[in-house]
Amino acid sequence: MQSINTIFVPSAIVTETLAILQKVGRRRSECVVLWLGKRDADRIRIEEVYKPDQVASRDYFRIPEESMEKIFQKLREQRLFVAAQVHTHPNKAFHSYADDEWAIVRHTGALSLVVPYFAKKTSAATFGTDTVVFALSALNEWIEVGPAQILNHYQIIP
Ligand SMILES: [Zn+2]
């Protein structure tokens, strides 16, 4: 259940991700964070969760141009890449048309995780089951990853 594109994310980063999303969610706003990783020989390891400067509201987020430039500069300096994006929804988790259009991650195998209810009902222990996962296909389409396939795409590690 592992490929060269499987993302390994330390549980501490999942906890930190939820803390960021929940803090913004308490203001009843969506939030997006990026999982920045490095590729080893046979896997991708997440090194950091990064909250880009963003414009967001109850059912919307956008990353302005200046913020994108800051992200790319950081990636160059630290030799990281955006392996996945994680964002919240006010209600159910799905990939909206805007999510498809404005996804920051654009490489085949990239992941987009959507956490429902502003992440307020989610803990590190339930992250794997609460979150809906989408992977970008070689045809540039976001495909929902079924529960049986999730471990091929990402795994939470100690
Ligand atoms: Zn969305």
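## Thr17 and its surroundings

In this predicted model, Thr17 is a residue of helix 1, the helix that runs over residues 11-25. Thr17 has a relative accessible area of 0%, and because buried means a value under 20%, Thr17 is counted as buried.

The side chain of Thr17 is joined to the side chain of Trp35 by a polar contact of 2.9 Å. Trp35 also appears among the residues that Thr17 touches, together with Val33, Val49 and Val86, when residues up to four places away in sequence are not counted.

## Helix 1 as a whole

Helix 1 has 15 residues, which at 1.5 Å a residue should span 21 Å, and the C-alpha atoms at its ends are indeed 21 Å apart, so the expected span and the modelled one agree.

Thr17 shares its buried state with other residues of helix 1, namely Ile13, Val14, Leu18, Ile20, Leu21, Val24 and Gly25. Seen down the helix axis, the buried residues fall within an arc of 160°, and therefore they line one face of helix 1. Ala12 and Lys23, by contrast, are exposed and lie on the other side of the helix.

## The zinc site

Which protein atoms are the donors of the zinc ion? They are NE2 of His87, NE2 of His89 and, listed twice, an OD atom of Asp99, and these donors lie 2.0 to 2.5 Å from the zinc ion. Along the chain, the donors follow the spacing H-x1-H-x9-D. Within this set, His87 and Asp99 form a pair that links distant parts of the chain, since His87 belongs to strand 6 (residues 81-88) while Asp99 belongs to helix 3 (residues 97-102), with their positions 12 residues apart in the numbering. Both His87 and Asp99 are buried.

Why is the arrangement around the zinc ion irregular? The four donor atoms subtend angles of 56 to 163°, whereas a tetrahedral arrangement of four donors would need all angles to lie between 85 and 135 degrees. Ideal angles for four tetrahedral donors at a metal are 109.5 degrees.

## Glu65 in helix 2

Glu65 is found in helix 2, which covers residues 65-78. With a relative accessible area of 59%, Glu65 is exposed, because exposed means a value over 50%.

The position of Glu65 can also be described relative to Gln54, which is 11 residues apart from Glu65 along the chain; the C-alpha atoms of these two residues are separated by 9.8 Å in the model.

Notes: Residues numbered from 1 in each chain as written. Predicted model: local features only at pLDDT ≥ 70, side-chain atom pairs only at ≥ 80, totals over all residues. Heavy atoms only, no water. Helix = DSSP H or I, 4+ residues; strand = E, 2+ residues; numbered from the N terminus. Buried < 20%, exposed > 50% of the residue type's maximum accessible area, 1.4 Å probe, protein only. Polar contact = N/O pair within 3.5 Å; in protein donor to acceptor, adjacent residues only side chain to side chain. Contact = heavy atoms within 4.5 Å. Donors = N, O, S within 2.8 Å, 3.2 Å for Na, K, Ca; no water. Tetrahedral: all angles 85-135°; square planar, octahedral: opposite > 155°, others 65-115°. Expected span 1.5 Å × (residues − 1). Arc of directions from axis to C-beta.
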